[in-house]
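This report describes the fold, the nonpolar cores and the salt bridges of one protein chain.

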Amino acid sequence: MLLAASCTAEGEVADAPGACAVAEDARSIERSEPSPADDLLQWAGFEAVESLDVVGSEERCGLDAYAAVALEGDPADVDAAIEAAGFTAQPTPGLSVTQDPVDAASLDDLAGVVSSDQESFQNSAGETLVRMYVRGGLPDGRELLHVWAFTT
């Protein structure tokens, strides 16, 4: 799962759920309780996802922070989540991401797959993130939305 606050090289940690506890040596990281997927999505600027079901999520914290969350829902709800997130990178047909999906989500059998370009995004904590998404149709008519966000 992703962290809801960044870990700094100076060992400072924001007081937020899901933050990593960083020892004096920033290369030594101890994990606090994992963030719920909602915290990860909020960190990445995706807050209007109440109507979507969480399929899985992943968080990594080190010198950079990383989050991946997979969601499923009706196509109109996926549209609304992307729009509410203020995503400006234009999607293109096909699967063109370099990040792995969370274990619980498969991107292999999606219909009508579109991938966004990477975009720079400043979250509510003032952190600059790179984020992207993939969306595609599932056999039951719903869609999968997979979101990645990370610091660099």
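The protein chain has two helices and nine strands, in the order β-β-α-β-β-α-β-β-β-β-β from the N terminus; helices (H or I, at least four residues) and strands (E, at least two) are DSSP runs. The model is predicted, with local features needing pLDDT of at least 70 and side-chain atom pairs pLDDT 80 or more, while totals for chains, interfaces and linings use all residues. Residues are numbered from 1 along each chain as its sequence is written, and side-chain values use heavy atoms, without hydrogens and water.

Of the 152 residues, 46% are buried (under 20% relative accessible area; exposed is over 50%, partly exposed in between; 1.4 Å probe, protein chains only).

The largest nonpolar core (buried Ala, Val, Leu, Ile, Met, Phe, Trp, Tyr and Cys residues joined through side-chain atoms within 4.5 Å) has 24 residues. Helix H1 (37-43), strand S4 (65-73), helix H2 (75-84), strand S8 (128-137) and strand S9 (143-150) each supply at least two of them. A second, separate core of 15 residues includes Tyr66 and Leu107.

There are seven salt bridges in the structure (a side-chain nitrogen of Lys or Arg within 4 Å of a carboxyl oxygen of Asp or Glu), among them these:

| Pair | Closest N and O atoms |
|---|---|
| Arg142 and Asp53 | 2.8 Å |
| Asp79 and Arg135 | 2.6 Å |
| Arg142 and Asp140 | 3.7 Å |

Asp79 lies in helix H2 and Arg135 in strand S8, so this pair ties together parts 56 residues apart in sequence. Arg135 is buried at 12% relative accessibility, whereas Asp79 is partly exposed at 39%. Salt bridges also link Asp53, Glu72, Asp140 and Arg142 in a network.
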